[in-house]
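Welcome! Here are two short exercises to work through with the model at hand.

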Amino acid sequence: MKTVGIIGLGYWGEKYIRITNELQSVKLKGICDINNDILEKFKKIVADDVKIYNKAEDLIEDPEIHYIVIVTIASTHYNLIKTGILNNKEILVEKPYTTNLKQAIEITNLLNKKNKNILIGHTYLFNNKISWIKTHLENNFQQVDTITFEWYNSGPIRNDTNEIYDLAVHCISILFYIYGTECYQTINAIRNDNGTSFIIIKLKNNIIVNINGSWNTPGKTRKITFSNSYNKLVYDDIDNTHPIKIYFKNSPIHNDNMGYLYNDGHVLMPQIGNIEPLKYQFYCWLNNHYIDSNQDFGIKVMKILNEINLKISN
């Protein structure tokens, strides 16, 4: 049985504890947080044989724990990942990979030298609705002219990174998943002091991409719009009923095998089952099926984030 340790017991750490307990092939062996009050809370939730740590290094060095989930603040990722690699652990780390490109390059080189992989939590790559969109764009959608990402929420404001590494990283990972890591040609970006940024990317196939992200907007928005003169595909991650809608200028031509629900003559809504992306990501990690989100993919994401950050710094 695969033994798992979880470092960081905040919002995502609690979800990983639940997922670990739901899977029969793994055993939660240790949890860690620097906040003793949080540890006391989770002592009452986890099994009696789960080890409790307030130092991440002690959990990583535990010889009985082979798989490490790192869901701590971004500034801690570099040291924790490196310690995990040197202790020959299998690692899943929440995005962003690290807080800067130099650290990401060093970690990637170390992983490749040791012939190991890491899973970086670009969770949307494990979302079956994003996979459906990728297939639909490739097979049933005319040339895309523009793509708009709207990624907004009100906090939390993070002190060790910015909204580009926290929010836009999702948009970039989705863009790379659909069009490839070498898809972009030029980048422009602007940012204010309130945690709001606007990024414009021109792809090599002439698609214009707008990424609008903010930590300072009431409500939560996670929306992607793919458009051309005839069609518009909208994905709304917050809409649990009809997350994907395809709008047509004229009456739609559709493939019945795709399984659509009709709203009216000019809108189609596909029926797609619900698979929890975080749980599927965790499953892929345990079974070594995550080539789309390993360190080689992660370093490409970090490179464009670095380019964007340089643009807003000038």
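**Exercise 1: Helix α7**

Of the 17 residues in α7, 16 are buried, so the helix is mostly covered, where buried means under 20% relative accessible area. Keep in mind that this is a predicted model.

Task: Work out what span helix α7 should have, and look at its ends and its bend.

Solution:
1. Helix α7 covers residues 163–179, which is 17 residues.
2. The expected span is 1.5 Å times one less than the number of residues, so α7 should span 24 Å.
3. The C-alpha atoms at the two ends are 23 Å apart, which agrees with that expectation.
4. Along the way, α7 bends at V169 by about 45 degrees.
5. At the N-terminal end, N162 acts as the cap: one of its side-chain oxygens is 3.0 Å from the backbone nitrogen of I164.
6. Just past the helix, G180 has a positive phi of about 95 degrees.

**Exercise 2: The surroundings of S214**

Task: Decide whether S214 is buried or exposed, then find which residues its side chain meets through polar atoms.

Solution:
1. Start with the location: S214 belongs to strand β10, residues 208–214.
2. The relative accessible area of S214 is 0%. Because buried means under 20%, S214 counts as buried.
3. A polar atom of the S214 side chain lies 2.9 Å from the backbone nitrogen of N216.
4. The side chains of S214 and T217 make a polar contact at 3.2 Å.
5. Setting aside neighbours within four places in sequence, S214 is in contact with W151, Y152, N153, L167, G195 and T196.

Conventions:
Residues numbered from 1 in each chain as written. Predicted model: local features only at pLDDT ≥ 70, side-chain atom pairs only at ≥ 80, totals over all residues. Heavy atoms only, no water. Helix = DSSP H or I, 4+ residues; strand = E, 2+ residues; numbered from the N terminus. Bend = angle between axes of the 7 residues up to and from the residue. Buried < 20%, exposed > 50% of the residue type's maximum accessible area, 1.4 Å probe, protein only. Polar contact = N/O pair within 3.5 Å; in protein donor to acceptor, adjacent residues only side chain to side chain. Contact = heavy atoms within 4.5 Å.
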